Amino acid sequence: MPNVQFEDVGTSPSIANFSIRGLGINSSIPAIDPTVGYFVDGIYYGINSGVVVDNFDLEAIEVLRGPQGVLFGRNVTGGAVVVRTTTPTDEFRFNGRVGVETGLRWVASGVISGPLTEQISAKLAVYHSDDDGWFTNRFDNSSHGANQVTIIRPAIALRPNDNLEFLLRLEYGETDGDGPSGQNHVNGSGVGGLFQRGTFDFAIDEPGFARADWRQAIFETNIGVDFGNGTITNVLGWRDYDGQSLGDIDATPGFLFHAPSSLAQNQWSNELRYAGTFGNVDVTTGLFYFDQTIEYVERRNLLGGALITAGGGTIDHSTWGVFANFDIHASERLTFSIGGRYSVEDKDARIQSLLPGTPCVVGQGCTVVAGNPGAFIDSDSWSSFAPRVGVQFRYDDVSQLYASWSQGYRSGGYNFRNTSPNPAITPGPFDQERIDSFEVGLKTDLANGNIRLNIAAFHNSINDMQREINESDPMAGVVQIIRNTADATIQGFEVEGRFFLGENTLLTAQVGYLDGSYDSVIFDLNGDGVINAADLALDIPRLAPWTYGVGLYHDVPLNLFGGTLLTGSVSYNYRDANAYTDSNLGFFDSVGIWDAGLSLSFNEGRHILALYGKNLSNEVTYGNDTQLPATLGPFPLGGTFSPLNRGRVVGLEFRVRN
């Protein structure tokens, strides 16, 4: 998709650093609220950890670009990712998959679904993968990157009649694997670097670990009502997440900067909404409540353990909102939309800054006592109203023009990882971020449906932009400060097309362009001690000017085994170089990825044998590009902490369904 980056930060597996249209985050700090919200079966994930995990058992994934504040609330200034797992079916269904790919990585999954009675149906989905590790650690030539994932999803649906449905979804998951495969290459200042950038070489004395487990339950009720011929829906959700990790942050064979951490999060949410139609007006309205507690502890073992700093704390967070949206059909061709959401949010923070001698122990909580160095106890609240107005004009049966204006808000908050030696830099609070977005577009089918085009242009104004400023420090190793830093403007366009080149051939193409710049700056982004034109001229992190791609898919029907289909695919996707750190010293190289696949479907599609290749050109990409100081205490360091993503992967899998 154009102008979209879905990435794992790499510091610890599963932590999303998603970006849409140049709005993204750059950190693994669990207190940071996203710019791209992640929703599974109607519940919002309150932290970025536990997002980037293996997916299976999916009914649909939607990516909504641009602010989605009316229907999805806060922390969706860039957009939203909406994931739906499958629901229990009224007929027996089975889907199974086994596969192997280079790594060596084994995968197996199965989904069985069907009726228990005339009114009750159930589903059980199970997934397991076992990865031996794609990388080689040059420190001892051992395999690195091992990871095991297990996910179990039972669900049950009760449908007493056509107007009533109760649906309970449960999930348990766990992961266990190595820490980050961190490469140390020359940093943006030209200092240090053990290996050449753009290679898969790295050497670390601490392989680290990353473990997590989670449990969640979602109870959804749907009631059909005569009022407006509508539906009342209630989604009650609970999720509990626990994770521990250890990473070699100096990314060298020496013991200079190792960081264990632990995270525990528990959340509850409930959304009650109504959707119906009154004459020529479609109405969606509802109430939302969300509550979570996040506990985080981090320790930094520096200089072989001679210097230990620890910190973290607890944040209690609650928010509620009321929303309504109206689609007014002025005619068969013309529709006006108007909506808004009012939200109130409260956060109570108890945070210990990462300082020597603080009473934080990984795995045993973090006690914050007033009077201790760095102790910080505070609370704050924010309110907002996010409106949206839009118009759609269908000038024929398969084409529409649209235009909209919307506002979105990203939550204010606190910084768990306060490591700045400057006493004026506290854990917070930082204020909420606001975005005003204008968008116009065209969606159309041409040539009797053989061509489908989506075209969009947008202009976004961001006020009080939140940034996770990432700076090297000779005593702390890395300092991360969260502040409102600037006002900025991001504008661009997207074009997506599907072209049917005959009955059995499909060509897809997409291109996106972003132009972003700061309008004003109120924080020293480049760390030179002053706020001036040099800060104003910096690139906005995670804003890649150009993204584009093409894909070709071709089917060859074969008269074998009662209906056989051979399908080939090849695709290429490119992304421009873009900044990682606000100082622009850390950055991501431009990258072009080739993927290809060949599958044989037989027995009327009930069995599929597939061979595939990902990143066939073996491009090197990174989760982040953190800048390390030239010295850590009295010892030379330099270079970067740049966790590697896997390169070329070739796999074979067999799928079966009834």
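These are my notebook entries on two residues and some aromatic rings in a predicted model.

**Entry: Thr-626**

I began with Thr-626. I found it in strand E34, which covers residues 626-627. Is Thr-626 buried or exposed? Its relative accessibility is 7%, so I put it down as buried; the cut-off for buried is under 20%.

Next I looked at its side chain. The side chain of Thr-626 makes a polar contact with the side chain of Asn-624, at 3.0 Å.

Then I listed what Thr-626 touches, leaving out residues up to four places away in sequence. I noted Asn-470, Val-478 and Tyr-580. I also noted Gly-639, Thr-640 and Phe-641.

**Entry: Val-389**

I moved on to Val-389. This residue is in strand E22, residues 375-396. Its relative accessibility is 36%. I wrote "partly exposed" because that value lies between the 20% and 50% cut-offs.

Which residues does Val-389 touch, not counting those up to four places away in sequence? I found Ser-337, Ile-338, Ala-403, Ser-404 and Trp-405.

I also checked a distance to Asp-327. Val-389 and Asp-327 are 62 residues apart along the chain. Their C-alpha atoms are separated by 9.8 Å.

**Entry: ring pairs**

How many aromatic pairs are there? The count comes to 23. I looked up two of them.

One is Phe-135 with Phe-202. The ring centres are 6.1 Å apart and the planes meet at 85 degrees, so I called the pair edge-to-face. That label needs an angle over 60 degrees. Phe-135 lies in strand E11 (residues 135-137). Phe-202 is in the loop between strand E15 (182-183) and strand E16 (209-225). The pair therefore ties together parts that are 67 residues apart in sequence. Both Phe-135 and Phe-202 are buried.

The other is Tyr-580 with Phe-588. Here the centres are 5.5 Å apart and the planes are at 70 degrees, so this pair is edge-to-face too. Tyr-580 and Phe-588 are both buried. I had met Tyr-580 already, in the list of residues that Thr-626 touches.

I also found a cluster. Ring pairs link Phe-39, Tyr-44, Phe-72 and Phe-290.

**Entry: charges over rings**

Last, I looked for charged side chains over rings. Arg-197 lies over the face of Phe-587, 3.9 Å from the ring centre. Which ring does the charged end of Arg-211 sit over? I found the ring of Phe-209, with its centre 4.1 Å away.

Note on methods: Residues are numbered from 1 along each chain as its sequence is written. This is a predicted model: local features need pLDDT of at least 70, side-chain atom pairs count only at pLDDT 80 or more; totals for chains, interfaces and linings use all residues. Side-chain values use heavy atoms; hydrogens and water are left out. Helices (H or I, at least four residues) and strands (E, at least two) are DSSP runs, numbered from the N terminus. Buried means under 20% relative accessible area, exposed over 50%, partly exposed in between (1.4 Å probe, protein chains only). A polar contact is a pair of N or O atoms within 3.5 Å; within protein, one must be able to donate a hydrogen and the other to accept it, and residues adjacent in sequence count only if both atoms are side-chain atoms. Contact means heavy atoms within 4.5 Å. Rings of Phe, Tyr and Trp (its six-membered ring) pair if their centres lie within 6.5 Å; planes under 30 degrees apart count as stacked, over 60 as edge-to-face and the rest as tilted. A charge sits over a ring if NZ of Lys or CZ of Arg is within 6 Å of the ring centre and within 35 degrees of the ring normal.
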